[in-house]
Amino acid sequence: MIAKEKFLANIEYVRGHWIWIGSKLSSGYGRAFSEGKMQPAHRVSYRLFVGEIPEGFYVLQTCKNRLCVTPGHLKPAQPIGPFGLKFSVPDAEKVRAIRKRLREPGTTVEKVAKDFNVSTHHVTRIQQGTYRIGREKA
Ligand SMILES: [Zn+2]
């Protein structure tokens, strides 16, 4: 794994974002050399500062900036869900919002999942109180 200092040498702080100023992939994402290969910089950032990316997940930039590698702006997400949507794994803030929504009359698990862009599996676990923030996979 690339050293944090070395990784951060390729970053410029721009209005709350860590913007990658190192070399780039043709897709417009930053690229970082780590573990003997070139990798998307935001994925490397996530693993360096947050933790492992769940198997088969990609890392989403919530601020939609392809060069942003801010750990707090990165979220692992499932590639494709039943509605053809890209799902995200709910964090603490989203879990609270989902719990609140589930208490509203006439709410269904399916509707909440769709509105929050998360899987019905996760909503069901939140409803049952068995959801573990930061430990959930697909
Ligand atoms: Zn950002």
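Colleague: Glad to look at this with you! What share of the 138 residues of the protein chain counts as buried?

Modeller: Happy to help, and please keep in mind that this is a predicted model. A residue counts as buried if 20 or more other C-beta atoms lie within 10 Å of its own. Of the 138 residues in the protein chain, the share that passes is 26%.

Colleague: How many helices and strands are there in the protein chain, and in what order do the elements run?

Modeller: The protein chain has five helices and seven strands. Its C-alpha atoms fill a box of roughly 50 × 30 × 25 Å along the principal axes. Read from the N terminus on, the order is α-β-β-β-β-α-β-β-β-α-α-α.

Colleague: Which elements give two or more residues to the largest nonpolar core?

Modeller: Eleven residues make up that core, among them F7, W18, W20, Y29, A41 and V44. A second, separate core has ten residues, including A77, F87, V89 and V112. Back in the largest core, the elements that give two or more residues are β2 (17-20) and α2 (41-49).

Colleague: Which residues of α2 are buried, and what covers them?

Modeller: Helix α2 lies across β5 and β6, and runs at about 100 degrees to β5. Its buried residues are A41, H42, R43, V44, S45 and Y46. What covers them includes α1 (4-8), β2, β3 (31-34), β4, β5 and β6.

Colleague: Y29 was in that core list; which residues is Y29 in contact with, leaving aside its neighbours within four places in sequence?

Modeller: Y29 is one of the eleven residues of the largest nonpolar core. Its contacts include A41, which is also in that core. With the neighbours within four places left aside, the full set is K24, P40, A41, H42 and R66.

Colleague: Is Q39 buried, exposed or partly exposed?

Modeller: Q39 lies in strand β4 (residues 37-40) and touches R31, A32, S34 and V44, not counting residues up to four places away in sequence. Around Q39 there are 18 other C-beta atoms within 10 Å. Being buried takes 20 or more and being exposed 12 or fewer, so with 18 Q39 is partly exposed.

Colleague: How many bridges join β3 to β4, and which residue in β4 is the bridge partner of R31?

Modeller: Strands β3 and β4 run antiparallel, and four bridges join them. Their hairpin has two residues between the strands, and E35 takes a positive phi near 55 degrees there. As for R31, its bridge partner in β4 is P40.

Colleague: Three strands form an open sheet; which are the edge strands?

Modeller: The order in the sheet is β5-β6-β7, with antiparallel pairing. Strand β6 (residues 74-78) pairs with β7 over two bridges, and A77 stands opposite S88 in β7. An edge strand pairs on one side only, and here those are β5 (58-61) and β7 (87-88).

Colleague: How is α3 oriented relative to α5: roughly parallel or roughly perpendicular?

Modeller: The axes of α3 (residues 92-102) and α5 (residues 120-128) come within 10 Å and cross at roughly 75 degrees. Angles of 65 to 115 degrees count as roughly perpendicular. The crossing therefore makes α3, relative to α5, roughly perpendicular.

Colleague: How do the residues of the contact of α3 with α5 divide into nonpolar, polar and charged?

Modeller: From α3 come V95, I98, R99 and L102, which meet V123, I126 and Q127 in α5. By type, the residues of this contact divide into five nonpolar, one polar and one charged.

Colleague: Is K64 buried or exposed?

Modeller: K64 is found in the loop between β5 and β6. Its phi is near 65 degrees, a positive value in a residue other than glycine. Since 12 or fewer C-beta atoms within 10 Å count as exposed and K64 has 8 others, K64 is exposed.

Colleague: And what is the phi of N117 near?

Modeller: N117 is found in the loop between α4 (109-116) and α5. With 15 other C-beta atoms within 10 Å, N117 is partly exposed. Phi of N117 is positive, in a residue other than glycine, with a value near 60 degrees.

Methods:
Residues numbered from 1 in each chain as written. Predicted model: local features only at pLDDT ≥ 70, side-chain atom pairs only at ≥ 80, totals over all residues. Core = buried A, V, L, I, M, F, W, Y, C linked by C-beta atoms within 7 Å. Contact = placed C-beta atoms within 7 Å. Axes fitted to C-alpha atoms, helices over the stretch in contact; angles between N-to-C directions. Parallel < 35°, antiparallel > 145°, perpendicular 65-115°, else oblique. Nonpolar A, V, L, I, M, F, W, Y, C, P; charged D, E, K, R; others polar. Pairing = 2+ DSSP bridges.
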